[in-house]
Amino acid sequence: MEDIAQANGGLVTTAQVVEAGIPRARLSDMVKSGELERVQRGVYCLADAWEDEFLSAQLRFPKGVFSDGTALFLHDFTDRTPFSLTMTFPRSYRATKAREAGIKVRTCADDMLDLGVCNVRTPYGNFVRAYDLERTLCDLVRGQKAVDVQVVNPAMKAYARKKGKSLSKLFEYARALGVEKKVRNYMEVLL
């Protein structure tokens, strides 16, 4: 079981243990002996490892994708550490458990969930699913009554200065998500 945890940044889930053919009772034994610590329901961490809250949330809620300010943080496009993690789930998914775990839940049409998904490295060196920069910027201006200008403006400015940016991808996503006019207004001012 320690091998599984080592391969996953110090974390192991009940599902991974069962899949490996190890009895669930072994988890309880390891928690009692101090070898593992229970991070949250179904997720355990090696006692000597730092908990990666991003990986922990991803393992517990694999249908979710890190989005908004959390994705900006993972892409190193903001210096604001998120107070609570934000994940986007398909509308067909009941995200009650995620909300109860303190995750800020956003939803989108099931067919839009995978638009712009990529693997991003967490500050602890593990990979999680998050939206790429282009999708994240679109999400920041999409579906919010009041856009957080202190987050969006610096992110848009940084993207406009970024080498290797893909404006065609940005506008393609903006069109698909219904925010093309808003995104164009930002980019016309900045470019």
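**Strands and helices of a predicted model**

Student: Which strand is joined to β2 by 4 bridges?

Tutor: The model is a predicted one. Strand β2 and its partner run antiparallel. One pair across them is Q40 and V43, and another is L36 and L46. The partner, joined by 4 bridges, covers residues 43-46 and is β3.

Student: Which residue takes a positive phi in the hairpin of β2 and β3?

Tutor: The hairpin has 2 residues between its strands. One residue in this hairpin has a phi near 85 degrees, and that residue is G42.

Student: In what order do the 3 strands form the open sheet?

Tutor: Strand β3 pairs with β2 through 4 bridges, and β3 also pairs with β1 over 3 bridges. In the pairing of β1 with β3, L11 stands opposite C45. The pairing in the sheet is antiparallel, and the order is β1-β3-β2.

Student: Which strands stand at the edges of the sheet?

Tutor: An edge strand has a single partner, so one of its sides is left without a neighbour in the sheet. Two strands fit this description: the one at 11-13 and the one at 36-40. By name they are β1 and β2.

Student: By how many degrees are neighbouring strands of this sheet turned against each other on average?

Tutor: The sheet is an open one of 3 strands. With direction ignored, the average turn between neighbouring strands is 35 degrees.

Student: Which residues of β3 are buried on one side and which on the other?

Tutor: In a regular strand, side chains alternate between the two faces of the sheet. Strand β3 is covered on both of its faces. V43 and C45 are buried on one side, and on the other the buried residues are Y44 and L46.

Student: Which helix lies across β1, β2 and β3?

Tutor: The helix in question spans residues 25-33. Its direction is at about 110 degrees to β2. The helix is α3.

Student: Is α7 roughly parallel or antiparallel to α8?

Tutor: Helix α7 covers residues 133-141 and helix α8 covers residues 149-161, with 11 Å between their axes. They pack at an angle of about 150 degrees. An angle over 145 degrees is the cut-off here, so α7 is roughly antiparallel to α8.

Student: How many residues in the contact of α7 with α8 are nonpolar?

Tutor: Helix α7 passes α8 in a left-handed crossing. The contact takes in L133, E134, L137, L140 and V141 of α7, together with V152, A155, M156 and Y159 of α8. By class there is 1 charged residue, there are no polar ones, and the number of nonpolar residues is 8.

Student: What does the packing angle make α7 relative to α9?

Tutor: Helix α9 covers residues 167-177, and its axis is 9 Å from that of α7. The two helices pack at an angle of about 40 degrees. That value lies between the range for roughly parallel, under 35 degrees, and that for roughly perpendicular, 65 to 115. Helix α7 is therefore oblique to α9.

Student: How many charged residues has the contact of α7 with α9?

Tutor: The crossing of α7 with α9 is right-handed. Residues E134, R135, L137, C138 and D139 of α7 meet K169, L170, Y173, A174 and L177 of α9. The contact has 6 nonpolar residues and no polar ones, while the charged residues number 4.

Student: Is D68 buried or exposed?

Tutor: Residue D68 is in helix α5. Phi of D68 is positive, near 55 degrees, and most residues other than glycine have a negative phi. The relative accessible area of D68 is 5%. Since the limit is under 20%, D68 counts as buried.

Student: Does D76 count as buried or exposed?

Tutor: Residue D76 is in the loop between α5 and β5. Its phi is positive, about 60 degrees, although D76 is not a glycine. With a relative accessibility of 66%, D76 counts as exposed.

Student: What separates the C-alpha atoms of T81 and G102?

Tutor: T81 is in the loop between α5 and β5, and T81 is exposed at 53% relative accessible area. Along the chain, T81 and G102 are 21 residues apart. The separation of their C-alpha atoms is 15 Å.

Key: Residues are numbered from 1 along each chain as its sequence is written. This is a predicted model: local features need pLDDT of at least 70, side-chain atom pairs count only at pLDDT 80 or more; totals for chains, interfaces and linings use all residues. Side-chain values use heavy atoms; hydrogens and water are left out. Axes are lines fitted to C-alpha atoms, for helices over the stretch in contact, and angles run from 0 to 180 degrees between N-to-C directions. A crossing is left-handed if the near helix is turned anticlockwise from the far one by less than a right angle, and right-handed if clockwise. Contact means heavy atoms within 4.5 Å. Ala, Val, Leu, Ile, Met, Phe, Trp, Tyr, Cys and Pro count as nonpolar, Asp, Glu, Lys and Arg as charged, and the others, Gly among them, as polar. Two strands pair if DSSP finds at least two bridges between them. Buried means under 20% relative accessible area, exposed over 50%, partly exposed in between (1.4 Å probe, protein chains only).
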